[in-house]
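Open the model in your viewer and keep the selection panel handy. We will go from one selection to the next, and at each stop I will tell you what is there.

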Amino acid sequence: MLLAPELRARLKGLRLATRLTPTGQGIGQHASNSRGAGLEFAQYRAYEPGDEPRSIDWKLFARSDRYFVRDATRDSPLNACVLIDASASMAQADRARPAYGKLDAARTIAACIGDIALQQGDRFGFTAIGGDGVTGVPAGNTLRHRDRFQLGLQALRAQGRVPARDGLRLLWERIPAASLVVLLSDGFDDDVVEVAERLARTQRDVISIQLITADERDFPFDGGHLFEDVEAGVERLVDASGVRSDFLARFAAARQTLARRYAASGIRHVEHFLDQSPAQVLRTLFGPRRR
Amino acid sequence: MIDLLAPVALTALAALAIPLLIHLIRRSERQRTPFAALRWVADRTRPRQRLHLHDRLLLMLRLLLLAVLALLLAQPVWRELGADDAKVIAVLPSVSAAAARAAVDAPTADWRWLAAGFPALATDEPVEPSSDAGIGLLRQLDAELPPKIALTVVVPAELSGLDAERLRLDREVDWKIVAGAASAPAGDSPTRTALTIAVRHGADATDALKVVRALAQAWQTADASLSGRLSLDVADADAAVPAEAAVLIWLVPGISPTLDAWLAGGGTAFVSPSELGGDPVWLDEQSGEPVLRERLIGTGRAVSLVTPLRPDKTPALRDPMFPKALARLLLPMPTAPDRAPAAAVAPVRRDQPAPAPATPLDAGLALAAAVLLLAERLRATRRRRVLA
């Protein structure tokens, strides 16, 4: 059970939307660029060999002596893909709540997105990149698919590092163009940021949610600590009270740099702190627009 | 003044280092804290090397607890020194209160009788003037008084009840001798009084009486103090025993009311021949058989010989040690001289003064240690505040 009832209740009114026009097949709620026979008139275009003769607008032919074909628009479903960073650093949790790490927050948010997508009839799936390479559940839009999706999320483990470029080839097959990609990552790994940028360049609508623990935001440590970076395999004896202000300044600068980098690539970027409710960040991204 | 009976135990204070070390060790540095954002933590700031003590209240409690325990091991006592100008005047009961007050001019001082319990000299003659224990009590008074208090003792010209030990006290004593008063009524020394031995015999006791006379002769020869004052009162068994007789020698076989009455009155008797029995007190050197037996009857004492007092019936009589052994069992011991002029027995000061009377402080310290231990446990096992 990934979603608590009160969290599920707060998801009402949220709507997944993409700036791109989806290309998927089937009937959906999103304006699509797939044209053809339909109800709503889109445009006239010149006749090309292969078009059905019955699609030619004969009245217009009578007026203009040219062959034009009527095009209609169709609403298509969205393809929502949650991209989860499952590297070892995602196991980071707050001292106050050691059982709830970044990966747990990512699971919850992913499950929320899956729930919203299922309600809209959109296709959803997730892809995880981490020590196991590229794993995940391909897109689908049925109720059974949601269970498969949630089971796959439960099986995720935060370990290893994000594979290099060659190891991510599978990613491009899993995330088709014009997909809505929600990246759940701590943003500490440059490889993941690069992947997001490349996805944004190749016709995917990428949204980045950076997961930050409250300890990283506030640095509430005092006295000497033996800090350990599991992913890098580095440990360092640090006087916490002495480095607090310096760390907070440097970390804020790093977050700002990342936000600018994403903005430059046209990626919507929000930060999510682990002591906040996942509904808050989802409302920021997919809530009704305030004018 | 607080004094320590075992100051060496203060080395236990070295244990204070243990809680200090415990609190100096930074336990947070022993635990690894996973922190993925480590790359933004500055590298140069090593933990500062200054001493850092965490939870100072708990440390204080632990240090106090150990200090109190170490102090408890050192056995602290409270010694009363007394005020500098305080003065106690002890009066021997044989001196009248009026005479004593006339001898010493110190109306504000603490006047005490030198008697059991040291009663105050409020009334004229509150205690029985029995001086026997008086001088011995001076040692007790000296030991119980705080060392700074001056002591004046008012004594008569002649003291009795002295013992063989010179009076050695912890302080200088003002030794006031009041002329005229005597410690005890003058009497003859016990070494001068006559010693009567009553001998009661049955029929045909010629041999036994010979032995008795020989014994008396031997005793007087052996002990010069006996010569001249030892007298034998020889009579038949029917004759009454004089009350002043020191020993009764009973040479009649069988049980007799006269002997029973003598023993019941607390007298000492030598009975021969006798079936009284008792513990063997003298053995025959050759055979090892018990010859003399001693038995306590009421307050009296009977030394008995099973055989008649005749050399042919009792070979042990020929033993040269027999008179001495019998004298030791029968004759009263000479008492030591216990009287002296007061001026000759003035107390001297002891070379190494005994410590002042002390009150142990263990109970209070033990209670404090228990309270501290409780507080320490409460503090150490309290629920840690959850870091928000």
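Start by selecting Phe227(A) and Arg236(A): Arg236(A), in S10(A), is the bridge partner of Phe227(A). This is a predicted model, in which local features need pLDDT of at least 70, side-chain atom pairs count only at pLDDT 80 or more, and totals for chains, interfaces and linings use all residues. Residues are numbered from 1 along each chain as its sequence is written, while chains are lettered from A and ligands numbered from 1 in the order in which they are written.

Now widen the selection to strand S9 (residues 224-229) of chain A and S10(A), which run antiparallel and are joined by six bridges. Helices (H or I, at least four residues) and strands (E, at least two) are DSSP runs, numbered from the N terminus, and two strands pair if DSSP finds at least two bridges between them. Add S2(B) to see an open sheet of three strands, ordered S10(A)-S9(A)-S2(B), with mixed pairing. Its edge strands, each pairing on one side only, are strand S10 (234-239) of chain A and strand S2 (32-34) of chain B. From one strand to the next, the twist averages 35°. Then show helix H8 (residues 240-264) of chain A, which packs on this sheet, touching S9 and S10 of chain A, and whose direction makes about 105° with that of S10(A). Axes are lines fitted to C-alpha atoms, for helices over the stretch in contact, and angles run from 0 to 180 degrees between N-to-C directions; two residues are in contact if their C-beta atoms, placed from the backbone, lie within 7 Å.

Next, stay in chain A and select the open sheet of six strands, S6-S5-S4-S7-S8-S11, again with mixed pairing. Strand S6 (133-140) and strand S11 (268-273) of chain A form the edges. On average, neighbouring strands here are turned by 15° against each other, direction ignored. Zoom in on strand S5 (residues 123-130) of chain A: six bridges join this strand to S6(A), antiparallel, and Thr127(A) stands opposite Gly136(A). Two helices to add are H3(A), whose direction makes about 175° with that of S4(A), and helix H6 (residues 190-201) of chain A, at about 160° to S8(A).

With H3(A) still shown, bring up helix H4 (residues 143-154) of chain A. How do H3(A) and H4(A) run relative to each other? Their axes come within 10 Å and cross at roughly 170°, so the two are roughly antiparallel (over 145 degrees). At the meeting place, look for Ala110(A) and Leu118(A) among the H3(A) residues, and Phe149(A) and Leu153(A) among those of H4(A).

Ala110(A) also leads to the largest nonpolar core, of 56 residues, where Ala110(A), Ile113(A) and Val181(A) are among the members that touch the most others. Such a core is a set of buried Ala, Val, Leu, Ile, Met, Phe, Trp, Tyr and Cys residues joined through C-beta atoms within 7 Å; buried means that 20 or more other C-beta atoms lie within 10 Å of a residue's own. Helix H3 (residues 102-120) of chain A gives the most to this core, with ten residues.

Finish in chain B, which has eight helices and 18 strands. Strand S4 (residues 87-91) of chain B pairs with S5(B) in the parallel sense over four bridges, and Val91(B) has Trp113(B) as its bridge partner.

Methods
Buried ≥ 20, exposed ≤ 12 C-beta atoms within 10 Å, placed from the backbone. Parallel < 35°, antiparallel > 145°, perpendicular 65-115°, else oblique.
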